[in-house]
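User: I would like to go through the pockets and the cysteines of a model with you. Could you take the structure below as the starting point?

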Amino acid sequence: MSITTGSEPAERSDADLLAAAGRDDMLAYDELFRRHYRVVVAYALTISQGGSSDAEDAACEAMTLMWRKRRHIRLANQSVLPWLLVTTKNVARNIAKARAREQRRIRDAANLRLVAEPELEAAQREAAAFLDECIQRLSPMDRDVFIACVVEGRTYQEVATATSLTVPAVGNRLSRAKRQLREQLSANPD
């Protein structure tokens, strides 16, 4: 319900929108998303070590977490923005740590040239085939979002436009796809 004065409705507060989102009102969540996304991305750009791609990932993950934790978020001064900024900082740190771990793995792999080339090529083909099988097990939309974002390097906005999803939905689907792939890969460590 919005209170009107004259011809324009009063802007709903973050507290009202978050309460509505807590009742699964996606429109309220979308309004919170639109209200704060640019600021969250701008903040993520200032703290991200991996550039704009990592900043966008951190911002989208923070916005996704806002939806997941919508019933438990405590507001500061009736605004969800402080919570989003702290969450973005934590997500950005986690992304930076993951990137550092991956760079160490790559560096270590480059230093370990103990496997003969034919064996290495066979192992790479086997790993690629297994990864492809895991990707094929994703739902068609999650698979398309994963391939577009991760393999093709498209932005969340580009994928949202191409698939008629919202940017938060792209983030949710990509997050779910990555989680499912991690679970599949960790279930079969060979």
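Analyst: The pocket comes before the cysteines in what follows. This is a predicted model, in which local features need pLDDT of at least 70, side-chain atom pairs count only at pLDDT 80 or more, and totals for chains, interfaces and linings use all residues. Residues are numbered from 1 along each chain as its sequence is written, and side-chain values use heavy atoms, with hydrogens and water left out.

User: What volume does the largest pocket have?

Analyst: Its volume is about 1,400 Å³. A pocket here is an open set of points on a 1 Å grid over the protein atoms alone, where a 1.4 Å probe fits, with protein on both sides within 12 Å along at least five of seven lines. The volume is the space filled by probe spheres set on the points, which are joined across faces, edges and corners.

User: Which residues lie nearest its centre?

Analyst: Asp57, Ala98, Val150, Lys178 and Arg182 do, out of 33 lining residues; lining means having an atom within 4 Å of a point.

User: Which helix gives the largest share of that lining?

Analyst: α4 does, with nine residues. Helices are DSSP runs (H or I, at least four residues), numbered from the N terminus.

User: Now the cysteines: how many disulfides are there?

Analyst: The count is zero, with a disulfide taken as a pair of cysteine sulfur atoms within 2.5 Å.

User: Why is Cys60 not bonded to Cys149?

Analyst: The two sulfurs are 8.6 Å apart, which is too far for a bond.

Definitions and conventions
Helices (H or I, at least four residues) and strands (E, at least two) are DSSP runs, numbered from the N terminus.
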